[in-house]
Amino acid sequence: MSIGTMGVAAKSINAAAKSKSLVGEAHEVNRAIELIKLGARLQVLESEIDLSRGRLLRLYKEVAGVSPSKGMLPFSTDWFMTWQPNIHSSLFFNLHANVIKAAGTDRVDALIRTYRLYQEQLALCALPEVLSITRAWRLIKFFEVGMLDSARCTRCGGRFVVHKYEPVGNFVCGLCEPPARAGKTRQALDERNLSVSVHANA
Amino acid sequence: MATEQLLSEIREANLSYLVLVQSLVRQDRAEAVVRLGLSEEMADILSSLTMAQILRIASSAVPICRFRFDDRVVWELLADESAQGPMRSIHASIVMASQPVEVIQ
């Protein structure tokens with residue numbers, strides 16, 4: 001390809017970029033910034049935001065202050081089934097369903113709104129955010145492609161995230177019937193020991 | 001005298017609820033609908049009320065809002081004060097968020 005034709009090609013790409021409305025682009029930039037601030041990985045932005053990869057990358061560095069982490073996103077549905085993640089995912093899923101019903105909003109908007117509500121809820125309970133926004137986005141994707149489903153707990157009536165085609169005839173959630181080792185992670189134990197030693201010192 | 005006091009307390013509760021709903025809906029309709037558990041229709045009706053209408057409605061002798069959850073599980077979870085505290089409130093939030101919103105019949 002001669003230099004001349006390359007120049008023409010570059011020009012036509014520029015023209016295409018310019019034909020996009022400035023207001024629309026500003027809107028996309030704003031949404032991208034919000035997602036980055038909430039901790040979204042670059043892959044989420046690439047899939048949801050209508051901006052070039054180069055611009056998203058620059059935006060990411062500017063807003064987050066660091067280069068985006070490399071590597072693939074986790075892609076298994078199993079994470080959402082383990083005890084604590086399942087509780088957080090189920091909370092997010094229910095909030096999301098309500099947001100969608102109320103706002104009928106687009107995907108990104110609903111994701112951001114729901115994630116804020118989720119954060120608010122956890123802050124109230126002083127619990128850590130187990131579900132990152134990237135995981136939350138994956139969760140919604142898994143529902144969209146039919147890999148995950150929800151089931152009503154026969155005891156408390158809450159809806160919980162389950163695998164699609166899982167038999168849920170007499171489903172009982174992990175909160176009504178916590179598994180024996182639930183919540184007994186090393187971290188939880190450390191915290192308990194710490195509070196015991198603090199009491200002992202006092 | 002006691003009745004008068006009761007009525008004025010009902011009025012006050014009605015008024016603060018209506019004012020809260022209006023300001024939430026006007027700020028961000030979608031969020032208000034989720035937070036308050038209202039149907040869209042209810043949100044529209046309530047947000048379109050004028051101040052005069054709000055005052056008139058508030059001063060009726062009946063409380064205009066009622067409990068959103070008439071489910072024993074929710075109340076037990078919310079009232080519980082055991083060591084499982086934070087997990088209990090998450091549980092309550094899940095059960096509450098799983099319930100359908102109020103609709104006009």
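Two residues are in contact if their C-beta atoms, placed from the backbone, lie within 7 Å. In chain A, residues 24 or more positions apart account for 50% of the contacts with a separation of 6 or more.

The model is predicted: local features need pLDDT of at least 70, side-chain atom pairs count only at pLDDT 80 or more, and totals for chains, interfaces and linings use all residues. Residues are numbered from 1 along each chain as its sequence is written, while chains are lettered from A and ligands numbered from 1 in the order in which they are written.

**Exercise 1. State which elements chain A has, and in what pattern they follow.**

Solution. Helices (H or I, at least four residues) and strands (E, at least two) are DSSP runs, numbered from the N terminus. Chain A has eight helices and two strands. Along the sequence, the pattern reads α-α-α-α-α-α-α-β-β-α.

**Exercise 2. Describe how strands S1 and S2 of chain A pair, and determine whether S2(A) is largely enclosed.**

Solution. Two strands pair if DSSP finds at least two bridges between them. S1(A), residues 148-152, pairs with S2(A) in the antiparallel sense over five bridges. Within this pairing, A:Arg152 has A:Arg159 in S2(A) as its bridge partner. The two strands form a hairpin with six residues between them, and A:Gly157 in the turn has a positive phi of about 85°.

For burial, a residue is buried if 20 or more other C-beta atoms lie within 10 Å of its own, exposed if 12 or fewer, and partly exposed in between, with C-beta atoms placed from the backbone. Four of the five residues of S2(A), residues 159-163, are buried, so this strand is largely enclosed by the rest of the structure. Of the 202 residues of chain A, 28% count as buried.

**Exercise 3. Find how many residues each chain gives to the contact, and which element of chain B gives the most.**

Solution. The contact takes 21 residues from chain A and 16 from chain B. On the side of chain B that touches chain A, the elements giving two or more residues are H2 and helix H6 (85-97) of chain B. H6(B) gives the most, with nine residues.

**Exercise 4. Identify the residues through which H5(A) and H2(B) meet.**

Solution. From H5(A), A:Asn98, A:Val99, A:Ala102 and A:Ala103 meet B:Ala30, B:Val33 and B:Val34 of H2(B). These residues divide into six nonpolar, one polar and no charged (Ala, Val, Leu, Ile, Met, Phe, Trp, Tyr, Cys and Pro count as nonpolar, Asp, Glu, Lys and Arg as charged, and the others, Gly among them, as polar).
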